[in-house]
Amino acid sequence: MLPCGGGDGGGELTRLLLWEGLLDLPEVPDEDSRTDYYRTKVAAFTQAQQANLISDDVPGADLAFLILALAGWWYAVPQMARMMHADDPATPDTARAALMRAATRLATPAAAERTR
């Protein structure tokens, strides 16, 4: 069993993206519409940065990518999660909570970080 639930319910999207990356294709299926989808996500991060709602320490595209990577890595290497949590196994709730804390730390503006 995987330690963390996700939007696709079982990590299928993460595993498909990993296989797609291993193929190292010059272009992936439906790349234009997928690029538009991710550009929408990046634009939302950039707008939030411009409004000083989230950190602008790293570009919006990088921040979005890092948060997606954190969330997906539970699915990409469940064996590593299992081994790293050998003394205190992760549950979907504890994994989700850890992800939320890490994402919050990455996205918190520096000024807000100093006032904690």
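What share of the contacts in the protein chain with a separation of 6 or more comes from residues 24 or more positions apart? In this predicted model, such residues account for 57% of those contacts. The protein chain holds six helices and zero strands, so that, read along the sequence, its pattern is α-α-α-α-α-α. Of its 116 residues, 22% count as buried.

The account can begin with the loop between α1, which spans residues 12-23, and α2, for Asp 24 lies in that loop. Asp 24 has a phi near 50°, a positive value in a residue other than glycine, and with a relative accessibility of 66% this residue counts as exposed, because exposed means over 50%. Asp 30 is also placed in the loop between α1 and α2, and its phi, near 60°, is likewise positive in a residue other than glycine. The relative accessible area of Asp 30 is 54%, and therefore Asp 30 is exposed as well.

Beyond this loop, helix α2 covers residues 31-50. One aromatic pair is counted in the model, and this pair is formed by Tyr 37 and Tyr 38, whose rings are 5.1 Å apart centre to centre, with 75° between the planes, an edge-to-face arrangement. Tyr 37 has a relative accessible area of 46% and is partly exposed, while Tyr 38, at 35% relative accessibility, also counts as partly exposed.

Tyr 38 leads on to the packing of α2, since this residue is among those in α2 that meet α3. Two packed helices are described by the angle between their axes and the distance between the axes. For helix α2 and helix α3, the latter made up of residues 60-76, the axes come within 8 Å and cross at roughly 115°, which means that α2 is roughly perpendicular to α3, given that angles of 65 to 115 degrees fall in that class. The crossing of α2 and α3 is right-handed.

Which residues bring the two helices, α2 and α3, together? On the side of α2 they are Tyr 38, Val 42, Phe 45, Thr 46 and Gln 49, and these meet Gly 60, Ala 61, Leu 63, Ala 64, Ile 67 and Leu 68 in α3. Sorted by class, the contact of α2 with α3 has eight nonpolar and three polar residues, and no charged ones. Tyr 38 thus belongs both to the edge-to-face pair with Tyr 37 and to the contact of α2 with α3, and it is partly exposed, at 35% relative accessibility.

Definitions and conventions:
Residues numbered from 1 in each chain as written. Predicted model: local features only at pLDDT ≥ 70, side-chain atom pairs only at ≥ 80, totals over all residues. Heavy atoms only, no water. Axes fitted to C-alpha atoms, helices over the stretch in contact; angles between N-to-C directions. Helix = DSSP H or I, 4+ residues; strand = E, 2+ residues; numbered from the N terminus. Parallel < 35°, antiparallel > 145°, perpendicular 65-115°, else oblique. Left-handed = near helix turned anticlockwise from the far one by under 90°. Contact = heavy atoms within 4.5 Å. Nonpolar A, V, L, I, M, F, W, Y, C, P; charged D, E, K, R; others polar. Phe/Tyr/Trp six-rings, centres within 6.5 Å; stacked < 30°, edge-to-face > 60°. Buried < 20%, exposed > 50% of the residue type's maximum accessible area, 1.4 Å probe, protein only.
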